Protein chains: 4
Amino acid sequence: MTKLPAGVWGVVATPFHDDLEVDLDSLATLVRRYEELGVTGLTVLGVFGEAARLDGAERTRVLSTVIDAVDLPVVVGATTLATAPVIEEAELARRVAGSRLAGVMVQINSPTPAVLAAHLNAVHRATGVGLVVQDYPVASGVSMPLPAQIEALADVEGVVAVKAEAAPTAARVAALSDRFDVPVFGGLGGIGLIDELQAGAAGAMTGFSYPEGLLATIHAHRTGGFAAAREALAPYLPLIAFEQQPGIGLAIRKACLAHRKLIAGPAVRPPAPALPASLIPNLYEHLAAMEGLVTR
Amino acid sequence: MTKLPAGVWGVVATPFHDDLEVDLDSLATLVRRYEELGVTGLTVLGVFGEAARLDGAERTRVLSTVIDAVDLPVVVGATTLATAPVIEEAELARRVAGSRLAGVMVQINSPTPAVLAAHLNAVHRATGVGLVVQDYPVASGVSMPLPAQIEALADVEGVVAVKAEAAPTAARVAALSDRFDVPVFGGLGGIGLIDELQAGAAGAMTGFSYPEGLLATIHAHRTGGFAAAREALAPYLPLIAFEQQPGIGLAIRKACLAHRKLIAGPAVRPPAPALPASLIPNLYEHLAAMEGLVTR
Amino acid sequence: MTKLPAGVWGVVATPFHDDLEVDLDSLATLVRRYEELGVTGLTVLGVFGEAARLDGAERTRVLSTVIDAVDLPVVVGATTLATAPVIEEAELARRVAGSRLAGVMVQINSPTPAVLAAHLNAVHRATGVGLVVQDYPVASGVSMPLPAQIEALADVEGVVAVKAEAAPTAARVAALSDRFDVPVFGGLGGIGLIDELQAGAAGAMTGFSYPEGLLATIHAHRTGGFAAAREALAPYLPLIAFEQQPGIGLAIRKACLAHRKLIAGPAVRPPAPALPASLIPNLYEHLAAMEGLVTR
Amino acid sequence: MTKLPAGVWGVVATPFHDDLEVDLDSLATLVRRYEELGVTGLTVLGVFGEAARLDGAERTRVLSTVIDAVDLPVVVGATTLATAPVIEEAELARRVAGSRLAGVMVQINSPTPAVLAAHLNAVHRATGVGLVVQDYPVASGVSMPLPAQIEALADVEGVVAVKAEAAPTAARVAALSDRFDVPVFGGLGGIGLIDELQAGAAGAMTGFSYPEGLLATIHAHRTGGFAAAREALAPYLPLIAFEQQPGIGLAIRKACLAHRKLIAGPAVRPPAPALPASLIPNLYEHLAAMEGLVTR
């Protein structure tokens, strides 16, 4: 399997009209902007793409819209935790994305190494797709200690990347990069990106509303190491921290994307909480500050 | 909408062959046995039916097998928490079960009354199906205080039953039965059944491997009140308690069903944990003791 | 260190007057009744003794009252998770209980074997007290997989018992009893007692309001094995299950003890929830049913 | 009661020698440095002061050392959740700190407004101390929705401040500041400080290892609003984010303080996890970058 190339993989939000129907035009606009910015690839139907709030037909339309709109490779998220439905999701991803499918993102579904390894191997063998193993306990409900994770991954074929979103992420990136010949990506909006890059991360796979900041940081790290990466990321961190707040993070992110006119409106599907009205003025302060940093 | 009739609703396990493929023959045997025993209806594709571990085609086959095998009304579980995919699941249930569909079991998806009410109303209006509202935080990850639940349900159309599986269940049964003209069922393997009946429960909706015990208890309660129900349930409680253990409960239940020859084998799909070998002799002690209670 | 003798260790509730002051007279009455019933020993200042809701002077008075009222050996619970305050609690226990101290109950404080082992060894070495290692994630917030627990305990001196209250308890009892020469006790109100005895448990350490049921079960198990133990426990299980409900379990237990006149009143200290009024009639049904079983 | 004055309240780490004994000399050095920097006050024996890992004598020594070393007002943390032991802790704080005691920090102990209100009122009435109400679910295990919190606080006397550490903190700061005439402080290492200030926060009460950054941000906010505060905080955010990592955050913070020679060594008491070795080089990169920002 081809490992995922390094860089920024943009986790694509799924835009909705005000009536909560999927807004495919906005989706196309959004991913074209990602392509213009120079991201390495896109991650579609992930947790922050609200895939778990879409029905099957919507997922298909979202994915095919992305495939049609840009030429980037795509990772497709699986929303379930058991083998049969993950295989079903992976088959759909392969059918729709075809040769553009860089991998299917599969969540860690058990703290027991043999169970996880069997799951991942079954998905890979049934579908032939490359696996992006996502360690994200907040979404999956499954916490796996690092030694168990290493034990499991040693027995799995077809892994093309790991996405490390369990604390402390940088320590996990270091251990996994050291042990396996596989790229490890940070997520979590980029809040720990410089530490993850120092630990050997291949890049960021996340949906921060100003991906320019992630791209600049990775570029700076390549040429100037920690100090340069730190300087590149610091001006984005106030908004990253604001956007990373549990619960309302997605609503903030979509409001930012709407403000940037990358999507038409900021709607999120329930039960995701909406943006508290008291925070809207503050959000505009953040957005105003961003204007000094990025064009458009 | 027709409210669910009182009594025992058997939560149907999904049997698997040793290779973890769905065993439809066993499924038909199992539900026919439920019908012979005289249950009021069946709940298919619930949490303990491992619906979340089946792909779409498997779910369809499971449901149509049940519909073909028996004449009982069925409640069909939805595995997801957001409106669009729950509607998709409800549509499938309606298409396959037709007029035999007594309701779709929808989990509480938010602690916020307005969010839950909008969700339930949207599902009902889009599909016309009756709603069995399931309050089961262990499965959904969502805990809703009782006052908020009452506030939400006051604004929802189409509710045909509530399934109360959040502690203390009997207090919730009492409050909901008192406030709404809707049957409330206990679950949790029947461990609190007599208390729930005393609180006004319409019956049990659960998958205890000896449904005879649930039926006998409800019958006894109707004729002899608490004391009779208590006497009827007590001999089953040692196994109910054993079967209710977190994690391994499903494996125990399927091992019992297999021992009873109601299903061919006890396999569960990962990541559900298997039965620890150290408990197998103990399980056989329980099963031997059951033989004095029920005709196999 | 002397291992804890087998049998029933009564977990002693701390009675309060209506104004929530400690009721030492009731406490003396309660523990004398335990002694008359023939329990092996008492566990004082445990989780269900509300030790975490007592101040230091109250803890001392509770413990010295028990010591003065009966001749039984006592295990004293520690309420904290770090080494220094546990040592402080253990010193207090030793000072007040003297030679009557059978052990200090220390909670598992880390899922990391080396951390737990160092903690337990430090407590033992600093105080010389025997350790009753309590595995109770609901109270401690710490879940430790069984293999890690075995690894930790292999390196600890001074363990006089283990109290297994993490699911599946019987499997844990089996593994620990098999591996170590140390008595393992079940807890959780006795809900899994027959399974734990079958797995090799030395007895029950719990506060069920009718300890007669626990005593009868253990006696029956010794003479008649599983079948006899099952028959002995079954009539108590309806109340055990009622009493084991999360949150309100302690309020139920104290209401039962008050009904039995073993304590003067049922008050619990907040933030423990009170007994919902809707359950009081039901509680009286349980208590009436108990009258056929035990001499008050 | 005198409300807490606005500004930075430094949450004081408890330094340990390599053998894990309390290092009072380092403690005095640390708090004198806080005083030189111009903090408004100190918070001693808080969660990140490892108060729950100290015994009673150690707590007394820590507090009296702080009182003797500086002239600042102090808030003293309570480690327990029930009324009697919190009163005991508050009495100790008052006895040792005397007129220097600005308040006792009491955690939210119940999601039920009446229970929390009764608890807080009881502590205040028994001791006369001012209350700093801490909303920190990660430490307390108690999550309280904002409306319930407002309902509770409306009935409580003696509140001198609220510390808002439940997401989304800025929305909580806005609502509480709007409703009550009481200062609300942010915590969480300062990660959301500019948003909290915009929402009306009176300042920060936290233990970030470079309090200069918090002071500069609050000063900038007073004079230049959001934009100035953002500019002031951004260079510190890379380290704040690194230090805020769940689990290892305290170890990082103490390593930073030791590097700054504000404490002699970085030891934390178990079960707090140590700093993973793989992150040490990264930590030094952060510290090197800080040298451009602060003197010493």
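This talk walks through a predicted model with several chains, taking the contacts between chains before a few residues inside them.

Let me begin with how the chains meet, and in particular with chain D and chain A. In this pair, 31 residues of chain D are in contact with 30 residues of chain A. The area buried between these two chains comes to about 2,300 Å², and carbon and sulfur atoms contribute 67% of that area. As for what supplies the side of chain D that touches chain A, the helices α7 (169-179), α8 (193-198), α9 (211-233), α10 and α12 of chain D each give at least two residues. Among these contributors α12(D) gives the most, with five residues. If we sort that side of chain D by residue class, we find 22 nonpolar, six polar and three charged residues.

Where charge and polarity are concerned, the rule finds zero salt bridges across the interface of chain D and chain A, while six residue pairs are counted in polar contact between the two chains, with both residues of each pair at pLDDT 80 or more.

Which chains are joined by no contact? Chain A and chain C are one such pair, with their closest C-alpha atoms 10 Å apart, and for chain B and chain D, likewise without a contact, the closest C-alpha atoms also lie 10 Å apart.

Staying with chain D, I would like to turn to helix α11, which spans residues 249-259 and is mostly covered, ten of its eleven residues being buried. The buried residues are D:G249, D:L250, D:A251, D:I252, D:R253, D:K254, D:A255, D:C256, D:L257 and D:A258, so you can pick them out on the structure above as we go. What covers them? The cover includes α1 (24-37), β8 (203-206), α10 (237-243) and α12 (280-291), which belong to chain D as well. Just after this helix, D:K261 takes a positive phi of about 65 degrees.

Next come the salt bridges, of which the structure holds 48 over all chains. I have chosen a few to look at in some detail.

In chain B, B:E58 forms a salt bridge with B:R269, and the closest N and O atoms of the two are 2.8 Å apart. Because B:E58 lies in helix α2 (residues 56-69) of chain B and B:R269 in the loop between α11 (249-259) and α12 (280-291) of chain B, the pair ties together parts that are 211 residues apart in sequence. Are these two partners buried or exposed? Both B:E58 and B:R269 are buried.

In chain D, D:E157 forms a salt bridge with D:R125, with 2.9 Å between the closest N and O atoms. This pair also links distant parts of its chain, with D:E157 in the loop between α6 (146-153) and β6 (159-164) of chain D and D:R125 in helix α4 (residues 113-127) of chain D, 32 residues apart. D:E157 counts as partly exposed because its relative accessibility is 42%, whereas D:R125, at 57% relative accessibility, counts as exposed.

A further salt bridge of chain D joins the side chains of D:E165 and D:K163, at 3.4 Å from N to O, and both of these residues are buried. In chain A, salt bridges that share partners join A:R33, A:E36, A:E212 and A:R260 into one network.

I will finish with two residues in strands, starting with A:M205, where UniProt, in an unreviewed entry, places the feature "binding site". A:M205 is found in strand β8 (residues 203-206) of chain A, and it counts as buried because its relative accessibility is 0%. Leaving aside neighbours within four places in sequence, A:M205 is in contact with a set of residues that includes A:L4, A:W9, A:T43, A:M105, A:K163 and A:F185.

The second residue is B:V160, in strand β6 (residues 159-164) of chain B. B:V160 also has a relative accessibility of 0%, and therefore counts as buried. Not counting residues up to four places away in sequence, B:V160 touches residues including B:M1, B:T2, B:K3, B:L4, B:G130, B:L131 and B:V132. How far from B:V86 does B:V160 lie in space? The two are 17 Å apart, C-alpha to C-alpha, and 74 residues apart in sequence.

Conventions:
Residues numbered from 1 in each chain as written. Chains lettered and ligands numbered in written order. Predicted model: local features only at pLDDT ≥ 70, side-chain atom pairs only at ≥ 80, totals over all residues. Heavy atoms only, no water. Buried < 20%, exposed > 50% of the residue type's maximum accessible area, 1.4 Å probe, protein only. Helix = DSSP H or I, 4+ residues; strand = E, 2+ residues; numbered from the N terminus. Contact = heavy atoms within 4.5 Å. Buried area = accessible area lost by both parts, 1.4 Å probe. Salt bridge = Lys/Arg side-chain N within 4 Å of Asp/Glu carboxyl O. Polar contact = N/O pair within 3.5 Å; in protein donor to acceptor, adjacent residues only side chain to side chain. Nonpolar A, V, L, I, M, F, W, Y, C, P; charged D, E, K, R; others polar. UniProt positions renumbered as here; feature names shortened; annotations may be inferred.
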